[in-house]
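User: Hi, could you walk me through this structure? I'm new to this, so plain sentences would help.

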Amino acid sequence: MKRTSAFPFGSARSLRSVLTLAAALWFAFTPRVAHAAAFESAVRGLASHDMDQVTEAVRTLGGLGDPRALVVLRALDSDHLRVDAAGGVYVQDGTTLHDAATGRVAEPAADDSPIVDNEIRRALGPALSALELGSPNVAVRRAAAADIAKRPQNSLVPIVKKALASETDKEIR
């Protein structure tokens, strides 16, 4: 007579292995999913008519350390960011619009530029500099470090520490 196990995976050890693998996958992918959600939420925040929400979105994007955020914030800074009535946010590249969250080419009726007031500009400079600390170009990193030194902010401390840990240029350190 064949003995059957009470466990669907054959044994308690197999069940433990499956659960361990599931937990490892959960912990491996959860930070990326959370980061992606934070990025997309912050991008959507740029379409807000509430200037405080836009300012917070700029700060959030600057703190993510995501290269995509640099593209979005540079577009905002150079008046190449567009929003549509549905709250979509797009980066204008010549005559082409790209969804700011995905980078995919889009064809919305996005003809409005977000309003950028002085408070947003004050947040935009340090956010751009923080993201530029990760640039492969030494001159860009030097300029970013100099800008951050002129306008230090507590919110940039973790980013600056991370950049310092990997910085090889003595002048920037």
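**Talking through the model**

Analyst: Gladly, and please keep in mind that this is a predicted model. A good place to begin is P114, which is buried, with a relative accessible area of 14%.

User: Where is P114 found?

Analyst: P114 is found in the loop between β4, which covers residues 105–106, and helix α4.

User: And what is P114 in contact with, leaving aside its neighbours within four places in sequence?

Analyst: With those neighbours left out, P114 is in contact with L46, L76, L81 and V83. There is also a distance to note here, since the C-alpha atoms of P114 and M51 are separated by 9.5 Å, although these residues are 63 apart along the chain.

User: You mentioned L76, so what is that one in contact with?

Analyst: Again leaving aside neighbours within four places in sequence, L76 is in contact with L46, V58, L81, P114, V116, I120 and L124. L76 is also listed among the residues with the most contacts inside the largest nonpolar core, together with L46, V58, L61, V72, L73 and L81.

User: How many residues does that largest core have, and which elements give two or more residues to it?

Analyst: The largest nonpolar core has 28 residues, and the elements that give two or more residues to this core are α1, α2, α3, β1, β2 and α4. As general background, nonpolar side chains tend to be buried together in soluble globular proteins. There is also a second, separate core of seven residues, which includes A130, L133, A144 and I148.

User: Changing topic, how do α3 and α4 pack?

Analyst: Helix α3, residues 67–77, and helix α4, residues 118–132, pack at an angle of about 145°, with their axes 10 Å apart, and α3 passes α4 in a left-handed crossing. On the α3 side the contact is made by A69, L70, L73, R74, L76 and D77, while on the α4 side it is made by I120, R121, L124, A127, L128, L131 and E132.

User: What does that contact have by class?

Analyst: By class, the contact of α3 with α4 has nine nonpolar residues, four charged residues and no polar ones.

User: Last one: is S135 buried or exposed?

Analyst: S135 has a relative accessible area of 14%, which is under the 20% cut-off, so S135 counts as buried. Its place is in the loop between α4 and α5, and the side chain of S135 reaches the backbone nitrogen of N137 at 3.0 Å. Leaving aside neighbours within four places in sequence, S135 is in contact with V140 and R141.

Technical notes. Residues numbered from 1 in each chain as written. Predicted model: local features only at pLDDT ≥ 70, side-chain atom pairs only at ≥ 80, totals over all residues. Heavy atoms only, no water. Axes fitted to C-alpha atoms, helices over the stretch in contact; angles between N-to-C directions. Helix = DSSP H or I, 4+ residues; strand = E, 2+ residues; numbered from the N terminus. Left-handed = near helix turned anticlockwise from the far one by under 90°. Contact = heavy atoms within 4.5 Å. Nonpolar A, V, L, I, M, F, W, Y, C, P; charged D, E, K, R; others polar. Core = buried A, V, L, I, M, F, W, Y, C linked by side-chain atoms within 4.5 Å. Buried < 20%, exposed > 50% of the residue type's maximum accessible area, 1.4 Å probe, protein only. Polar contact = N/O pair within 3.5 Å; in protein donor to acceptor, adjacent residues only side chain to side chain.
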